[in-house]
Amino acid sequence: MRGTDFVTELEAAIEGAVIGRNLETLDPWLEISPDKLLETCRWLKESCEIRFDGLQCITAIDWLETDPKKAAKVEWEPHTEIVYHLWSTKARASLVLKVKLPRWKDNQPGQLPEVSSVESVWRGADWHEREVFDLSGIQFLGHPDLRRILCPEDWDGYPLRKDYEMPLEYHGMRGR
Amino acid sequence: MSQILDEDQRIIEFDVRTDEMLVNMGPQHPSTHGVLRLVLRTDGEIVSEMEPHIGYLHRCAEKIGENLTARQWIPYTDRMDYLAAMNMNLGWALTVEKLLRYQVSEKARHLRVLITELNRIASHLVGMGAYGLDLGTFSPFLYAFREREKLLDLFEEVCGARLTYSYITVGGMTADLPPGWLQRCEAFLDQFEPVIREYHTLLTTNAIFVKRTANIGVLSPEMAIDYGCTGPVLRGSGVDIDLRRDGESIYTAMYDGYAFEVAVMKNGHYPRDHEYPAVPRDAVLGDCWHRFFVRMLEVVQSMDLVRQSIDRYSQCKGPLGEPLKLAEKLPAGDAYLETECPKGQMGFYVVSDGTPIPWRVRARSSAFSNLAVSPELCRGCLIADVPAVIGSLDVVMGEIDR
């Protein structure tokens, strides 16, 4: 990736923001501490020399192995990973931010994990965060209107979580 | 006499004062865009707020992708933007190839350019025809579909399907072109080129069309970028970005050596604008008319690219190459790639844990981001302008809802 100096600048500007990195891989990524996310995003958009003015995509990945046999072998602890794909119109460059969250807040099943919303930085994040909330169950703090976008409002559960079970019935319609 | 007029004035003013009203547009098939519901808050004819409700076509294709191998998911990408299924196939195939660090043969690359650019023409024809429908003129739709039909015939010969092709696949193509196909494709292009003038007469320069689209729904470049708008919507606002030139190397390598100019207004001029009707006086950069016009220019640009790729493809001596195994093992890791699809930049993201079945797949829909900006564009416009704005964004709900 062209010009990775901004990472050093970012570390100087916001202390403790970058907690992991891989700039040599296919898509260079930085792991950001969840409590510094909003600050980091604002810096990347407004103060960084490569102005990352576009947010292309937000993805939540549910790292949970539901098969107990395989679960014994995996190296990671169950967690949720949120991936932000940024793009700079000026430099024609992209950057990936990753944020690690617990699957449930305080490990209480049903309590959605929380992360700050970046809607105030990129307005395009509005619908993307609603989609992630809808399908993966992440609470975006500070989002102006966080409600389901693709599923019906009375839908139960978060389909893209690995332990999701399709409802047997929805308003008289057979689920499976 | 003057007394009566004064009195009338009062009566009129009293009459036009209206209450705020919620108007539901849809959910239905407004035209070929798919099932979309708009809730408008109106004051008389003026829309004060507009909110799109989406999800009527939601199938959670991403969840399905977690249960299939990468190649098995190709048919599901067909059903995203079903008007440009070739481009969708290509996006996913390239993303997986990026993860595999796999490069297809030169012949396959030229064939991919050829087929996706043809599909871009077909998609823009629907975009154009359906836009006419949105604005209440039926005939351009028939003209557009007449030519699209011939394109679909060509696609049917190639892969047997007219809409959901699954032709481009991970590691190559499912089959080579049938004999004589290139000649038939060239015959189509020769016949199609003069027809484009008809479209300009029917829509681009049509006085009613210009009145309905010029200076309506003006999208500033800053807002377009802020909302993640891409493709013709972004270029219609004058932002010079086209992933076929500015994208990642695995994608731009396909277009190496091809001559094309990005369809965007620069210094008040569109590329080759002496060949096309002049920009109407009322049109403002970023309005519905410009978004429409960029698509019309891209049709011509794609025709050029198809001609170039036919030459290159027929000069290629080597074999086309076989696609990868159905259950090819993916290396652990992740890859994200955006490609320039007719509707905008379609991104695919694949996360693998080292098995043939991806851990997570993600489709970043271009039309999803393009539609997200529509409430801003519709604020303060007339009810009749709402279909003009939505149509100019050229959304396909299959891609938005996934």
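How many bridges pair strand β4 (residues 79–88) of chain A with strand β5 (residues 93–101) of chain A, and in which sense? The two strands pair over nine bridges, and they do so in the antiparallel sense. Pairing here asks for at least two bridges found by DSSP between two strands. Within this pair, A:Val83 sits opposite A:Lys98 of β5(A).

A word on the model comes next. It is a predicted one, in which local features need pLDDT of at least 70 and side-chain atom pairs count only at pLDDT 80 or more, while totals for chains, interfaces and linings use all residues. Residues are numbered from 1 along each chain as its sequence is written, and chains are lettered from A and ligands numbered from 1 in the order in which they are written.

Taken as a whole, chain A holds four helices and nine strands; these are DSSP runs numbered from the N terminus, with helices being H or I of at least four residues and strands E of at least two. Starting at the N terminus, the order of elements in chain A reads α-β-β-α-β-α-β-β-β-α-β-β-β. Along the principal axes, the C-alpha atoms of chain A fill a box of roughly 55 × 40 × 30 Å. Of the 176 residues in chain A, 34% are buried (20 or more other C-beta atoms within 10 Å of the residue's own, with C-beta atoms placed from the backbone).

Back to the strands. β1(A) and β2(A) make a hairpin with six residues between them. Strand β1 (residues 18–22) and strand β2 (residues 29–32) of chain A run antiparallel and are joined by four bridges; A:Arg21 has A:Leu30 in β2(A) as its bridge partner. Both hairpin strands belong to an open sheet of five strands in chain A, ordered β1-β2-β5-β4-β3, with mixed pairing. In chain A, β1 and β3 (54–63) stand at the edges with a single partner strand each, so one side of each has no neighbour in the sheet. From one strand to the next, the twist averages 20 degrees (axes are lines fitted to C-alpha atoms, and angles run from 0 to 180 degrees between N-to-C directions).

Then there is the contact with chain B. It takes 23 residues from chain A and 28 residues from chain B, where contact means C-beta atoms, placed from the backbone, within 7 Å. On the chain B side, β6(B) gives the largest share, four residues.

Definitions and conventions
Buried ≥ 20, exposed ≤ 12 C-beta atoms within 10 Å, placed from the backbone. Contact = placed C-beta atoms within 7 Å.
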